[in-house]
Amino acid sequence: MLLGGVAAIAVGVALVSWIVGALAAIVNYYGFRLTRVGDELQYERGLFQRYDGSIPLDKVQTLTVTDDPLKRHFGYATLAVETAGYTPGQGQGQGQQSASVIPLASRDRVFALANDVEAFGTPEFERPPKRVRRRYAVRYGLALAVLAGALYGVEAFLAAGIPWYVPLSAAPLVPVAAHAKWKHRGYWLGDSHVVTRNGVLKRRTKVVPYYRIQTVIDSRTAFQRRWRVATVTADTAGSLSVAGHDAAAVDVDAETATRLRETLSDRLRTALAARKRATENGDPSPATADGGGDG
């Protein structure tokens with residue numbers, strides 16, 4: 001009874017949170033309009049109070065396409081543009097911003113606009129090695145075991161008749177969850193952009209121009225070293241990067257991670273040199289790195 005009550009409360013809280021979030025989104029993005037004027041994206045939105053602003057394209061750091069299982073099922077997604085050094089109403093040189101350019105639209109339309117802002121093409125993601133699915137399965141299995149063990153301890157202490165074994169009923173879903181996590185991860189190197197994808201319940205596809213990369217980080221936890229994998233992060237100055245949502249190739253093979261880090265560093269230097277030459281020659285258009293795309 002106690003466990004059933006807790007589950008009912010959790011479901012109720014989640015449902016109320018979803019409804020509140022949906023209503024807030026409707027109010028905030030009612031009458032949303034987006035236009036491109038010269039080198040700016042101009043938008044207006046709002047039901048009870050209208051908001052308008054502009055996003056200079058030359059301040060763009062990262063594009064982030066976000067979806068969840070429900071959006072993916074119906075073919076929808078959200079596009080956010082992350083900028084640095086600019087916040088509407090504050091002028092240049094201040095703050096950081098992540099603005100929803102498209103709060104909700106068809107996935108094709110979202111990627112079409114994203115390509116209009118940054119011409120990165122159509123990514124063909126390279127997933128982590130298949131062996132990491134076992135790592136994810138072990139992690140989820142241990143989580144269920146720990147939860148069941150904690151409930152067993154509470155039941156033994158309180159003699160409350162708590163069905164401690166209920167979490168173990170989710171064991172058949174562990175391989176499915178592990179496969180889904182592996183399936184939705186990957187990276188791709190284009191001619192002038194790196195694109196990464198991570199997450200299942202909230203999947204983020206991040207597009208970063210090479211010249212916007214601040215630092216390339218190769219990190220390997222103790223558990224990753226055991227599975228011979230690593231994470232390569234393309235750190236930028238975007239607002240979501242400050243929150244820990246950088247573009248990252250997660251759980252790639254250790255040797256691949258080394259090559260990926262070196263490739264990103266080389267393309268960063270090439271892109272910066274190309275932009276410097278373009279600036280000196282008076283070319284206002286962004287320069288791109290040389291070289292073809294890698295799958």
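**Reading salt bridges, a cavity and backbone angles**

Modeller: Asp-266 is partly exposed, with a relative accessible area of 40%. The model under discussion is a predicted one, and Asp-266 offers a convenient point of entry to its salt bridges.

Colleague: With which residue does Asp-266 form a salt bridge?

Modeller: The general idea is that side chains of opposite charge can pair when their charged atoms come close. Here the partner of Asp-266 is Arg-269, and the closest N and O atoms are 2.3 Å apart.

Colleague: Where do Arg-269 and Asp-266 stand relative to each other along the chain?

Modeller: Both belong to helix α8, and because they are three residues apart there, about one helical turn separates them.

Colleague: How many salt bridges does the model contain?

Modeller: The count comes to ten. Some of them join distant parts of the chain. In one such case, Glu-82 pairs with Lys-206, with 2.9 Å between the closest N and O atoms. Glu-82 lies in strand β5 (residues 76-87) and Lys-206 in strand β9 (residues 203-209), so that this pair bridges 124 residues of sequence.

Colleague: Are Glu-82 and Lys-206 buried or exposed?

Modeller: The cut-off needed here is that a residue counts as buried under 20% relative accessible area. Glu-82 has a relative accessibility of 0% and therefore counts as buried. Lys-206, at 3%, counts as buried because of that value.

Colleague: Which residue does Arg-185 meet in a salt bridge?

Modeller: Its side chain meets that of Asp-251, at 3.2 Å from N to O. This pair also links distant parts of the chain: Arg-185 is in the loop between α5 (174-183) and β7 (186-189), Asp-251 is in strand β12, and they are 66 residues apart. Arg-185 has a relative accessible area of 14%, and is therefore buried. Asp-251 is likewise buried, with a relative accessible area of 2%.

Colleague: Which residues are linked in a network of salt bridges?

Modeller: Asp-67, Arg-72, Arg-107 and Arg-203 are linked in such a network.

Colleague: Let us turn to the backbone. What is the phi of Asp-251?

Modeller: Phi is a backbone angle, and its sign is the feature to read. For Asp-251 it is near 60°, a positive value in a residue other than glycine. This residue is found in strand β12, and is the buried partner of Arg-185 described above. Arg-228 likewise has a phi near 60°, again positive in a residue other than glycine. Arg-228 lies in the loop between α6 (222-227) and β11.

Colleague: How many cavities of 30 Å³ or more are there?

Modeller: A cavity is read through its volume and its lining. The count at 30 Å³ or more is one, and the largest cavity has a volume of about 40 Å³.

Colleague: Which elements each supply at least two residues of the lining of the largest cavity?

Modeller: They are β8 (193-198), β11 (229-235), β12 (247-253) and α8 (254-280). Strand β12 gives the most, with three residues. The residues lining the largest cavity include Ala-247, Ala-248 and Ala-249, together with Tyr-187, Val-194, Thr-196, Val-232, Ala-234, Leu-260 and Leu-264.

Colleague: How many residues of that lining are nonpolar, polar or charged?

Modeller: By class, the lining has nine nonpolar residues, one polar residue and no charged residues. Two elements named earlier thus return here: β12, which holds Asp-251, and α8, which holds Arg-269 and Asp-266, each supply at least two lining residues.

Conventions
Residues numbered from 1 in each chain as written. Predicted model: local features only at pLDDT ≥ 70, side-chain atom pairs only at ≥ 80, totals over all residues. Heavy atoms only, no water. 1 Å grid on protein atoms, 1.4 Å probe; cavity = no way out; pocket = protein on both sides within 12 Å on 5 of 7 lines; lining within 4 Å. Points joined across faces, edges and corners; volume = space filled by probe spheres on them. Helix = DSSP H or I, 4+ residues; strand = E, 2+ residues; numbered from the N terminus. Nonpolar A, V, L, I, M, F, W, Y, C, P; charged D, E, K, R; others polar. Salt bridge = Lys/Arg side-chain N within 4 Å of Asp/Glu carboxyl O. Buried < 20%, exposed > 50% of the residue type's maximum accessible area, 1.4 Å probe, protein only.
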